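Let's take a walk through this model together, one helix contact at a time. Have the sequence and the 3D view ready, and follow along as we go.

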Amino acid sequence: MLSGRRLDLLEPSPLDVEIEDIAQGLSRVARWNGQTRGDHAFSVAQHSLLVLDVHLRLNPRLAPAEQMVTLLHDAPEYVVGDMISPFKAVVGGDYKAVEHRLLEAIHMRFSLPAKTAAGLGKSIKKADTIAAYFEATLLAGFGEREARRFFGRPQGISPDGLPLMPWPAKRAQANFLKRFRLIEEAGLQRSGRNAK
């Protein structure tokens, strides 16, 4: 990693995870294999922010820790890249096992539960699917019928005001880090209030 950390893919240590490496990597990993409209790739960093924004629209009362889990839901991709779902299915369980171990190490690094609670995971998946629908129809050239077949049609939420114009990598990286820091600060403030 650019931070100088060495990350063991088979046994990743939380001590080798740095948010700057995550932001750097995710801002340079393209969603949809780079097959999107615009002058820049739609990065996984920007997708992560989009999913968080959608999740907050669905549930405005998300606690800072829940927001952090949402922001980091695709964080292992800073190491393994963003493989399209059909390819993940072909590769099978070994790929998923590596991804899960990385996510657990990332969670532990930032004082989150190693495993995402089932209810939270389900609501993140819903936000992720809505984000994918908007990305597919507005960026990746899918027709609405095709996108509905893969993702369903989002109910009660519109793409208005969501970050769907692809950003340059540096901007995606900076925005990801900024949001991480804001959530981290909100979590510290909340835990400070709870300690009193």
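A good place to begin is the inside of helix α2, where V44, A45, Q46, H47, S48, L49, L50, V51, L52, D53, V54 and H55 are buried; buried means under 20% relative accessible area, exposed over 50%, and partly exposed in between, with a 1.4 Å probe and protein chains only. Put as a count, 12 of the 15 residues of α2 are buried, and the helix is mostly covered. Helices here are DSSP runs of H or I with at least four residues, strands are runs of E with at least two, and both are numbered from the N terminus.

A word on the ground rules. This is a predicted model, in which local features need pLDDT of at least 70 and side-chain atom pairs count only at pLDDT 80 or more, while totals for chains, interfaces and linings use all residues. Residues are numbered from 1 along each chain as its sequence is written, and side-chain values use heavy atoms, with hydrogens and water left out.

Back to α2 itself. From its first C-alpha to its last, α2 reaches 21 Å, close to the 21 Å expected at 1.5 Å a residue; the expected span is 1.5 Å times one less than the number of residues.

Now look at what α2 (residues 44-58) packs against. One partner is helix α3 (residues 64-71), at an angle of about 140° and with the two axes 8 Å apart. Axes are lines fitted to C-alpha atoms, for helices over the stretch in contact, and angles run from 0 to 180 degrees between N-to-C directions. The pair α2 and α3 is therefore oblique, given that angles under 35 degrees count as roughly parallel, over 145 as roughly antiparallel, 65 to 115 as roughly perpendicular and the rest as oblique. The crossing of α2 and α3 is right-handed: a crossing is right-handed if the near helix is turned clockwise from the far one by less than a right angle, and left-handed if anticlockwise.

Which residues of α2 and α3 meet? On the α2 side they are S48, L49, V51, L52, H55 and L56, and on the α3 side Q67, T70 and L71, where contact means heavy atoms within 4.5 Å. The residues of this contact of α2 with α3 divide into 5 nonpolar, 4 polar and no charged. Here Ala, Val, Leu, Ile, Met, Phe, Trp, Tyr, Cys and Pro count as nonpolar, Asp, Glu, Lys and Arg as charged, and the others, Gly among them, as polar. As for α3, 6 of its 8 residues are buried, so α3 is largely enclosed by the rest of the structure. The buried residues of α3 are P64, Q67, M68, V69, T70 and L71.

Helix α7 (residues 118-138) also packs on α2: their axes come within 8 Å and cross at roughly 115°. The crossing of α2 and α7 is right-handed. From α2, the contact uses H47, L50, V51, V54, H55 and L58, and from α7 it uses L120, S123, I124, K126, A127, D128, I130, A131 and E135. Sorted by type, the residues of the contact of α2 with α7 are 9 nonpolar, 3 polar and 3 charged.

Follow α7 onward to helix α8 (residues 144-151), which packs with α7 at an angle of about 160°, with their axes 10 Å apart. That makes α7 roughly antiparallel to α8. This crossing of α7 and α8 is right-handed. T129, A132, Y133, A136 and T137 of α7 make the contact with E144, A147, R148 and F151 of α8. The residues of the contact of α7 with α8 divide into 5 nonpolar, 2 polar and 2 charged.

Pause at E144, in helix α8. E144 is partly exposed, with a relative accessible area of 42%. Leaving aside residues up to four places away in sequence, E144 touches Y133, T137 and R153.

Finally, turn to the loop between α1 (19-26) and α2, where you will find W32. Most residues other than glycine have a negative phi. Phi of W32, however, is near 60°, a positive value, and phi of N33 is near 55°, also positive. N33 is found in the loop between α1 and α2 as well. Are these two buried or exposed? W32 is buried, with a relative accessible area of 19%, whereas N33 is partly exposed, at 48%.
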